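Morning, everyone. I have one structure to go through, and I will keep it short. Please have a look at it first.

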Amino acid sequence: MQIEVVLDVKTTLGEGPLWDASQQRLYWIDSFDGRVFRSTMDGRELRAWDVPQKIGSMAIRKDGEGAIVSLQRGFHTLDFKSGDVEFIHDPEPDAPGNRLNDGKVDRRGRFIAGSMDTNEEGPNGGLYRLDPDFSVTKIDSDIICSNGPCFSPDDRTFYFNDTWSGDIWAYDYDIETGSVTNRRTFAKVDTSKGGAADGSTVDAEGCLWNALVYDGRIVRYAPDGTVDRIIDMPVKKVTSVMFGGPDLDVLYVTSMAKPPLPRFPDDGQLRGSLFAVRGLGVRGVEEPRFGS
């Protein structure tokens, strides 16, 4: 196993690595600075787009010409050619203290993203499904900080976590309707050392990989929720993970250069870098596009 720095771009709050297999390009975001990045698998051909608000996550649209972005005040479209951002829907117009955060697309092209309390204090957020026709449905509530959505390879399980709950949850997922039921604890996260569950992805063997933010570790959980493997990263504030590369066998890891709240500590020189972990002997699952 080797851990490499792909790009040291010092993202204030790097998040949401997304490998688009059709383009063979890696996307990721800076949540606080409102920026979308794209590069080759090894960091070449770097391109960036500015968006007008804080951004929580993104999904490539079906035609590949743009993205769906979850911004502070709702879902928007981003056009890659012009850079134009257009409003779709704000699911929480009466919650100015919230912002949309992490999201992923299911294999029917629906984008599921949650919101969070900006101060990460109260259970004021919800979980929402944006369908290809741009209709929005609320599917869960009472969430402090939405993170880690992803789907099992067989489409039957949806994983998600409220970062400060100490739990990673599993739901029964109906791929035909996009509904979730039977929420239960998939894995317990020890938050006593200051770490907490952040972004997740699932590999081809059905195991879940989660970034323990503020603890500097990536944890692989077996399908039964037991810890299978732990990777120690060179920075503490790792935020999210995604498999990419031509063979989907490189684990990309984002990190933050500055903590979002003053109660969290600083980090080492490589803070804010985009990392690649190679030689894991594991392949990921191709991420679908929105509307596909």
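I will go through an open sheet, then a buried strand, then one asparagine.

Keep in mind that this is a predicted model.

First, the sheet. It is open and has 4 strands, in the order E1-E24-E23-E22, with antiparallel pairing. The edges are E1, residues 2–7, and E22, residues 238–244; each has a single partner strand, so one side of each has no neighbour in the sheet. From one strand to the next, the twist averages 25°. E22 pairs with E23, residues 250–255, through 6 bridges in the antiparallel sense. There, Gly244 sits opposite Val250 of E23.

Next, strand E12, residues 125–130. How many of its residues are buried? The count is 6 of the 6, so E12 is largely enclosed by the rest of the structure. Both faces are covered: Gly125, Leu127 and Arg129 are buried on one side, and Gly126, Tyr128 and Leu130 on the other.

E12 pairs antiparallel with E11, residues 111–117, over 4 bridges, and with E13, residues 136–143, over 6 bridges. Arg129 is worth finding on screen. Arg129 is the bridge partner of Ile112, and Arg129 also stands opposite Thr137 in E13. The hairpin of E12 and E13 has 5 residues between the strands, and Phe134 there takes a positive phi near 75°.

Last, Asn98, which lies in strand E10, residues 98–105. Asn98 is buried because its relative accessible area is 2%, under the 20% cut-off. Its side chain makes a polar contact of 3.1 Å with the side chain of Glu92. Beyond four places in sequence, the contacts of Asn98 include Arg73, Asp117, Asn124 and Gly125.

Notes
Residues numbered from 1 in each chain as written. Predicted model: local features only at pLDDT ≥ 70, side-chain atom pairs only at ≥ 80, totals over all residues. Heavy atoms only, no water. Pairing = 2+ DSSP bridges. Helix = DSSP H or I, 4+ residues; strand = E, 2+ residues; numbered from the N terminus. Axes fitted to C-alpha atoms, helices over the stretch in contact; angles between N-to-C directions. Buried < 20%, exposed > 50% of the residue type's maximum accessible area, 1.4 Å probe, protein only. Polar contact = N/O pair within 3.5 Å; in protein donor to acceptor, adjacent residues only side chain to side chain. Contact = heavy atoms within 4.5 Å.
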